[in-house]
Amino acid sequence: MLKIRPRRLRLNENLRAMVRETNLSVKDLIYPIFVVAGENVREEIPSMPDCYHLSVDNAVELAKKISDLGIPAVEVFGLPEYKDEIGSSAWDMSSPVQKAITAIKKAVPELVIVGDVCLCQYTSHGHCGKLCGNYVDNDETLKLLQKVAVSQAAAGADIVAPSDMMDGRIAAIRAALDDKNFQNVSIMSYAVKYSSGYYAPFRDAADSAPRFGDRKQYQMDFANVREALKEVELDLAEGADIIMIKPALAYLDVVSKVREKINRPVAVYNVSGEYAMVKAAALNGWIDYKRIVTENLTAMKRAGADIIITYHAIDVAQWL
Ligand code: PBG
Ligand code: ZN
């Protein structure tokens, strides 16, 4: 006779809920937004259904809705009004990102605002740093990233999130923030960011694709996991408060390994391509959207993520 029957605890939903090991909460989520110049702009992004380019006024309205839904944070990306060789609109206080951060902070002070710190949306060549020939110069780029982080903190960001993958950027940004008395602004490091095909819809949305070459000299090779642990170790030593892994779904082994190794919060970025695939299949009626999204996000938490940056956040908040 069978003494142990795992099926006993699966008999009904209340029993299953009692023994459920992982629960998805609206408090786990960060919603990314794309801000543009102008007024009353709300244009759907073709490769990311239900995501919009928003002018600052509409971004504020959305931020209120996000906060009312219980989502604790937004991450702000921007499309600037001008681009140049060094991406100087990235630290211009009158650029859409800085204006949106200030306006959202004023309208919804309790909403946590994350600023994405990078240069690719702002440089004429689309790379994440300053070029020296065709090479992205690491140490020169650090000086520019410091300016971006400080400008976002000055605008009112609670967290800055560098996504450029330059070496030493966490130490450089921490020093710059502290120097300007932003000791309490946290750094969420895109510590483990792979060179990935899953970013394509975002690059369309943010007009940030590299105009030549690719990002393989700075983003990680997706074949590597030991190297991910090294990146995490360095960023923690340099003062990162939260460690992010990106993309999420194809990298849950990395999430799980990092989770076992560190005692700081782990975030994942459920990126644009992951979102677009699910949306496209759902719009075709090939999958059940709610089921698939719940399964995917629960898997990210099960692997060890505390925080999930996801374009699904508003949908999920409405179900939970
Ligand atoms: C670049 C950046 C990328 C994303 C956000 N910032 C990736 C890239 O273009 O290399 C991707 C986000 C997404 O795909 O949702 N700093
Ligand atoms: Zn970039």
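This note goes through selected features of a predicted model, point by point, for a reader who has the structure at hand.

1. The zinc site. The protein donors of the zinc ion (ligand 2) are the SG atoms of C118, C120 and C128, which lie 2.2 to 2.3 Å from the ion. Along the chain, the donors of this zinc ion follow the spacing C-x1-C-x7-C. The four donor atoms around the ion subtend angles of 93 to 128°, and the arrangement is therefore tetrahedral, since four donors count as tetrahedral if all angles lie between 85 and 135 degrees. As a reference for the eye, the ideal angle for four tetrahedral donors is 109.5 degrees. As for their surroundings, C118 and C120 are both buried.

2. A threonine in contact with a zinc donor. T141 belongs to helix α4, which covers residues 138–155. Is T141 buried or exposed? Its relative accessibility is 0%, and so T141 counts as buried. When residues up to four places away in sequence are not counted, T141 touches L119, C128, G129, K130, V136 and M166; C128, in this list, is one of the protein donors of the zinc ion (ligand 2). A separate value gives a sense of scale, namely that the C-alpha atoms of T141 and V185, which are 44 residues apart along the chain, are separated by 21 Å.

3. Strand β1 and its partners. All eight of the eight residues of strand β1 (residues 29–36) are buried, so this strand is largely enclosed by the rest of the structure. The covering applies to both faces, with L29, Y31, I33 and V35 on one side and I30, P32, F34 and V36 on the other. Strand β1 runs parallel to β4, to which six bridges join it, and also parallel to strand β3 (residues 48–55), with three bridges. Residue V35 is a useful place to look, as its bridge partner in β4 is G78, while in β3 it stands opposite L54. Two further bridges join β1 to strand β12 (residues 307–310), again in the parallel sense, and here I30 has I309 as its bridge partner.

4. Strand β11. Strand β11 (residues 266–270) is mostly covered, for five of its five residues are buried. From this strand V266, V268 and N270 point one way, whereas A267 and Y269 point the other way. Strand β11 pairs with strand β10 (residues 242–246) in the parallel sense over three bridges, and I245 has V268 as its bridge partner in β11.

5. A cis peptide bond to check. Most peptide bonds are trans. The bond that joins K246 and P247, however, is cis, with omega about -10°. Residue P247 is placed in the loop between β10 and α8, and a reader can find the spot by following the chain from strand β10, whose residues are 242–246.

6. Two helices that pack together. Two packed helices are described by the angle between their axes and the distance between the axes. For helix α8 (residues 252–261) and helix α10 (residues 289–303), the angle is about 30° and the axes are 8 Å apart. The residues that meet are L252, V255, S256 and R259 in α8 and A299, M300 and A303 in α10. By class, this contact has five nonpolar residues, one polar residue and one charged residue.

7. Positive phi values in two loops. Most residues other than glycine have a negative phi. M165 has a positive phi of about 70° although it is not a glycine, and it lies in the loop between β8 (159–162) and α5 (169–179). N181 also has a positive phi, near 70°, and is found in the loop between α5 and β9 (186–193). Which of the words "buried" and "exposed" fits M165? M165 is buried, because its relative accessible area is 4%, under the 20% that sets the limit. N181, by contrast, has a relative accessible area of 60% and is therefore exposed, the limit for that word being over 50%.

8. A buried loop serine. S89 lies in the loop between β4 (73–78) and α3 (96–107). With a relative accessible area of 1%, S89 is buried. Leaving aside its neighbours within four places in sequence, S89 is in contact with P80, Y82, S95 and Y122.

Key: Residues numbered from 1 in each chain as written. Chains lettered and ligands numbered in written order. Predicted model: local features only at pLDDT ≥ 70, side-chain atom pairs only at ≥ 80, totals over all residues. Heavy atoms only, no water. Axes fitted to C-alpha atoms, helices over the stretch in contact; angles between N-to-C directions. Helix = DSSP H or I, 4+ residues; strand = E, 2+ residues; numbered from the N terminus. Contact = heavy atoms within 4.5 Å. Nonpolar A, V, L, I, M, F, W, Y, C, P; charged D, E, K, R; others polar. Donors = N, O, S within 2.8 Å, 3.2 Å for Na, K, Ca; no water. Tetrahedral: all angles 85-135°; square planar, octahedral: opposite > 155°, others 65-115°. Buried < 20%, exposed > 50% of the residue type's maximum accessible area, 1.4 Å probe, protein only. Pairing = 2+ DSSP bridges.
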